[in-house]
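The following note comments on the surroundings of the bound ligands and on the aromatic pairs. Each point is kept short and may be read beside the structure.

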Amino acid sequence: MLRRPIELSFEVMKRTGLKAAVLAMVASIAPAMAWDGDSSVRNCTWCHGTSAQGYMVAPRLAGQRPAYTESQIRSFREHTRDNPFSKQYMWGAVAALDARAARELAAYFATIAPKPANDGDKNLVATGRTIYMEGIPEANIASCYACHGPNAEGVREIPRLGGLAYFYLKARLEQWGQGYHSGPASPMPLVARQLGPNEIEALASYLSFVK
Ligand code: HEC
Ligand code: HEC
């Protein structure tokens, strides 16, 4: 598991409170859901953190585009998203989810307000923002804004990036260059191949602070 033993008792305490909160949320926003929302959501928040805001290496799911979350669950199930953490933690976690449960979980997580991780390097924010908005035409680096939107909020299957954790963003941007995949027909391997370590650090820093 993701946890160090010392965190276990604290986590048990947190989860006892969380269960009631999650139950209340599911009951209030989605009274018509037929699937056992409580146990499914808990299976996810165990790793993805309280209110799905992310925890250690598990990214925030709160506020993510539902079409994107659904597409990633499919990629984990079909083993096309194949980096080491995906393989180790997510292939098993979604193995028993059917398409309908995946859609409902994705819709549910999208309703939770996302909190920014704010954990990048503040000194790199301005550089990261410039690359995000304009790309670096002379280095063949695409503007991220063109697809991910002016406030990194995403659209349809293009994910929200604003406020994701620095470590997670950096790892993802490195992985495409290392030959790992996320889903079929993703433009990201081509985009990320052009990014060097300095650009990746600046982009991940900037994005971690975007609300
Ligand atoms: C054992 C821990 C664990 C459990 C349980 C778990 N996850 Fe994950 N999840 C992870 C980790 C770690 C990653 C990061 C994978 C990577 O780095 O590519 C991840 C990534 C994801 C992503 C990709 C997010 C993105 O921004 O691309 C989605 C979607 C996701 N999980 C959904 C779920 C859902 C839905 C459940 C419950 C059914 C769940 N997870 C249960 C650990 C877990
Ligand atoms: C042509 C459109 C396009 C451009 C340009 C683009 N992206 Fe993406 N991006 C996508 C799509 C589609 C996905 C989802 C598919 C995937 O994960 O492979 C994605 C996924 C991502 C993810 C994964 C998010 C997560 O939750 O795991 C990151 C990080 C990312 N893009 C960063 C960037 C950055 C930084 C730039 C600019 C240098 C950029 N993208 C430019 C379309 C684009």
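Helices, as counted here, are DSSP runs (H or I) of at least four residues, numbered from the N terminus. The model under discussion is predicted.

1. Shell around ligand 2, by element. With helices so numbered, α8 gives the largest share of the shell around ligand 2, namely five residues. There are 22 residues around this ligand, and those that come nearest are C144, C147, H148, S186 and M188.

2. Shell around ligand 2, by class. Nonpolar residues number 16 in this shell, beside four polar and two charged residues.

3. Polar contacts of ligand 2. Three side chains may be listed with their distances. In S182, a side-chain N or O atom lies 2.5 Å from an oxygen atom of ligand 2. In H148, a side-chain N or O atom is 2.8 Å from a nitrogen atom of the ligand. In Y68, a polar side-chain atom is found 3.1 Å from an oxygen atom of ligand 2. As to secondary structure, two or more residues of the shell are given by each of α7 (145–148), α8 (166–177) and α9 (188–193).

4. Iron site of ligand 2. H148, through NE2, and M188, through SD, coordinate the iron atom of ligand 2 at 2.1 to 2.3 Å. The site has six donor atoms, with angles of 86 to 179° among them, and is octahedral. The two protein donors join distant parts of the chain: H148 belongs to helix α7 and M188 to helix α9, and they are 40 residues apart. Both fall under the 20% limit for burial: H148 has a relative accessibility of 9% and counts as buried, and M188, at 18%, also counts as buried.

5. Iron site of ligand 1. What are the protein donors of the iron atom of ligand 1? They are NE2 of H48 and SD of M90, which lie 2.0 to 2.1 Å from the iron. Here too a pair links distant parts of the chain, with H48 in helix α2 (residues 37–48) and M90 in helix α4 (residues 84–93), 42 residues apart. H48 is buried, its relative accessible area being 8%, and M90 is likewise buried, at 17%.

6. Geometry at ligand 1. Why is the arrangement around the iron atom of ligand 1 octahedral? The six donor atoms subtend angles of 84 to 179° at this iron, and the arrangement is octahedral because of these angles. For reference, the ideal angles for six octahedral donors are 90 or 180 degrees.

7. Aromatic pairs. The count of aromatic pairs comes to three. One of them is formed by F85 and Y89, a tilted pair with 6.0 Å from centre to centre and 40° between the planes. These two residues are separated by about one helical turn, because they stand four residues apart in helix α4. Are they buried, partly exposed or exposed? F85 has a relative accessibility of 35% and counts as partly exposed; Y89, with a relative accessible area of 23%, is partly exposed as well.

8. A further pair. Y108 and F109 have ring centres 5.4 Å apart and planes at 55°, so this pair is also tilted. Y108 is buried, with a relative accessible area of 2%, and F109 counts as buried at 3% relative accessibility.

How values were computed
Residues numbered from 1 in each chain as written. Chains lettered and ligands numbered in written order. Predicted model: local features only at pLDDT ≥ 70, side-chain atom pairs only at ≥ 80, totals over all residues. Heavy atoms only, no water. Near = heavy atom within 4 Å. Polar contact = N/O pair within 3.5 Å; in protein donor to acceptor, adjacent residues only side chain to side chain. Nonpolar A, V, L, I, M, F, W, Y, C, P; charged D, E, K, R; others polar. Donors = N, O, S within 2.8 Å, 3.2 Å for Na, K, Ca; no water. Tetrahedral: all angles 85-135°; square planar, octahedral: opposite > 155°, others 65-115°. Buried < 20%, exposed > 50% of the residue type's maximum accessible area, 1.4 Å probe, protein only. Phe/Tyr/Trp six-rings, centres within 6.5 Å; stacked < 30°, edge-to-face > 60°.
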